[in-house]
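Colleague: I'm new to this structure and would like a close look at one part of it. Could you take me through the largest nonpolar core and the rings around there?

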Amino acid sequence: MKEDNCLHAALICLGMLYCSHALAAEKLNHSRPSLHGHHEKGKEGQVLHRSKRGWVWNQFFVIEEYTGPDPVLVGRLHSDIDSGDGNIKYILSGEGAGIIFVIDDKSGNIHATKTLDREERAQYTLTAQAVDRNTNRPLEPPSEFIVKVQDINDNPPEFLHENYHANVPERSNVGTSVIQVTASDADDPTYGNSAKLVYSILEGQPYFSVEAQTGIIRTALPNMDREAKEEYHVVIQAKDMGGHMGGLSGTTKVTITLTDVNDNPPKFPQSVYQMSVSEAAVPGEEVGRVKAKDPDIGENGLVAYSIIDGDGMDMFEITTDYETQEGVVKLKKTLDYETKKSYSLKVEAANVHIDPKFISNGPFKDTVTVKIAVEDADEPPVFLKPSYIFEVQENAASGTVVGKVHAKDPDAANSAIRYSIDRHTDLERYFTINAEDGNIKTIKALDREEIAWHNISVFAVEVHKQHQEAKVPVAIKVVDVNDNAPKFAAAYEAFVCENARSNQQFITISADDKDDSANGPRFIFSLPPEIIHNPNFTLRDNRDNTASVLVRREGFSRQKQDLYLLPIVISDGGMPPLSSTNTLTIRVCGCDSNGSLLSCNAEAYILNAGLSTGALIAILACIVILLVIVVLFVTLKRQKKEPLIVFEEEDVRENIITYDDEGGGEEDTEAFDIATLQNPDGINGFIPRKDIKPEYQYMPRPGLRPAPNSVDVDDFINTRIQEADNDPTAPPYDSIQIYGYEGRGSVAGSLSSLESATTDSDLDYDYLQNWGPRFKKLADLYGSKDTFDDDS
């Protein structure tokens, strides 16, 4: 192979050189002067020098993918002026010069140093020039030439996609186009058959075929059935060199899916369906399901169900569940086992969408028989009416019959029924019911004005089956009786002016009646017979359930009488009619000349004019003065007065001295001395008061002498209490006895320092000021003597 390529290249180069030299010689002979001194004269005798062109060429060729050990000779460049002495130097420039293509600067031979790939680059443009080797002076102008890479079949065909997916309807005619696959070849399509492709099918026969030139896949078998086989895998080959041996090839996979058409009618898998339903089932309840099978899918497999015949067409209905493609049989009306125990239906299943192309495969529907058995159920009692309405007069006597309800057992057993009232609907227990016959009676009198309608519920229960019960509403209307007399519609209070004119209307009254309209209006208004000729007022019935009160005379005086009470009789339209007497209060008021109300106070008439501003100010000033006096009085009362008698809280000793000796009991005679409780001043004299002296000296009563030291404490205290109760010089209270005597006869005198502030003691207590807040009170009491004197 290598030798063939070299030979081929050599032949091409020789041919090119031969053509180039021939063309150069021809041009040289016709248009160029010789470079070796050939001269020609022009028309005017001057000599013209022509440059001789050394070579002429168009292009060279080199085989791609050459992998020999030596560089490939592309061609040879040679100039006629080259005498072979080595003075001419050949230079190559342009695309790939020096890298891919190199030139021998002496011989002009061009070689390719690298393997070339036409699919990478198909041609190279180069420039050749001959220059003087010594001076590098160009001997001829540069010339361009093209080196073309000659193609070989080195690229296999490649498809645009590795895998193709296509769909074709089932039952398609032979030759129906499915999909076109396309392959491409990177080789040169203009040179040889390297890029001439031929398609063929490797897998997928005999179902599909492919066009050799276009790659179009078509169906090859008629009536392909999706329900038999839905998916096919086809392998397509593309081969170059026109499909001949030695060519390269590539393959691709095509997945072809048959799409569904409605070519199959629905079919029921069985001819009869058996179902059952309880008579207690409610309308709308599902009874059962049927299903017709259709192998088609999507909308082609949609089936609609309908009942076309049977004795249960009015009792049952069928709907389509499009998710499961089932026909759902439902109850349409309530069943009764005792009336009819079974039903038969004829159900049809039909395709929703029908393809006209396959109408000959029809009919696209099927029918089936559905038999439904009714099961007996233990039913609750049934009232003859869905509800009851009764009437009873108000104030009817207890035990009055209101009405009767009736229920029966719908089962064949026809059990006995017992009745009762739902006490949640009759909390006040106005009614009772006979448990056996269902008669409803009153228990107590009814008042329409209190409750006009009573809505109760009655239960019916089977005697032997307490869980089976029924309930019915019973509405009882209380019929009105004229038992309420009409009254004023409001608490009227009328006003009449002192200057009222005769026959002047000053108020319109109306009435209200709790009874029904049949026993209420129309109302009749009148005055009692005893005052029919009332001199002050008169009444006019307006005959529209209102009445007007008018003034009969002119002029009223509040000083004489400011209040009138007018009785008015009101009768209703009942049978028999009822009436009541209502009193209208009429006040006499002062009015201006236009009749506008000014005042209805009798005292206001005495005042000729209202209070002036000065009078109001004077009244307010008096009130302020009185308030000031009260405040001063309260302030003075709160000031502390010095009591006439030294009270317990003023005796400082009582606030300080504490007796905390618990003692040793009754037998302990050494714990205290009874003589310390004896006040000699109290015995020999009296308790002094600060403001007065007693007019007489209190003398101890006979037999009341000082008790000895060994006296019993109980007797001693009782004696002192008796003395205090009968002592006229004692303080004016006896709630407590103060024993503040400290004793006498002591050489040292009193040990207490609490009264030192009132003595002439020379002790200085100023140091107490520096002892802190705890001794502030003592410092204030026993401060410097000058301060004490100033305070006193």
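**The core and its rings**

Modeller: To set the scene, the protein chain has 7 helices and 43 strands (DSSP runs numbered from the N terminus, with H or I of at least four residues for helices and E of at least two for strands). This is a predicted model, so to speak of local features we need pLDDT of at least 70, and side-chain atom pairs count only at pLDDT 80 or more, while totals for chains, interfaces and linings use all residues. Residues are numbered from 1 along each chain as its sequence is written, and side-chain values use heavy atoms, with hydrogens and water left out.

Of the 792 residues in the protein chain, 33% are buried; that word stands for under 20% relative accessible area, with exposed over 50% and partly exposed in between, using a 1.4 Å probe and protein chains only.

Now to your core. The largest nonpolar core has 26 residues; such a core is a set of buried Ala, Val, Leu, Ile, Met, Phe, Trp, Tyr and Cys residues joined through side-chain atoms within 4.5 Å. Those with the most contacts inside it are Val496, Phe506, Phe525, Leu566, Ile568, Leu584 and Ile586. Two or more residues each come from strand 36 (493–497), strand 37 (505–512), strand 39 (537–541), strand 40 (546–551), strand 41 (563–571) and strand 42 (579–591).

Zoom in on isoleucine 568. Setting aside its neighbours within four places in sequence, isoleucine 568 is in contact (heavy atoms within 4.5 Å) with Phe488, Ile509, Phe525, Ser526, Leu527, Leu539, Val549, Ser580, Thr581, Asn582 and Leu584. Apart from this core lies another one, of 25 residues, among them Phe268, Ala281, Val287 and Ala292.

On to the rings. Searching the whole structure turns up 15 aromatic pairs. Here, rings of Phe, Tyr and Trp (its six-membered ring) pair if their centres lie within 6.5 Å; planes under 30 degrees apart count as stacked, over 60 as edge-to-face and the rest as tilted. Phenylalanine 488 pairs edge-to-face with tyrosine 492, at 5.3 Å centre to centre and 85 degrees between the planes. Both phenylalanine 488 and tyrosine 492 are buried.

Phenylalanine 537 and phenylalanine 556 have ring centres 5.6 Å apart and planes at 10 degrees, so that pair is stacked. It links distant parts of the chain: phenylalanine 537 belongs to strand 39 and phenylalanine 556 to the loop between strand 40 and strand 41, 19 residues apart. Phenylalanine 537 and phenylalanine 556 are both buried, too. Ring pairs also tie Phe506, Phe537, Phe556 and Tyr564 into a cluster, and Phe506 is one of the residues with the most contacts inside the core.

Phenylalanine 556 has a charged partner as well: arginine 553 lies over its face, at 4.1 Å from the ring centre. A charge sits over a ring if NZ of Lys or CZ of Arg is within 6 Å of the ring centre and within 35 degrees of the ring normal. Another case is lysine 444, whose charged end sits over the ring of tyrosine 430, 4.9 Å from its centre.

To finish, step back to the whole protein chain. Among contacts with a separation of 6 or more, 66% are between residues 24 or more positions apart.
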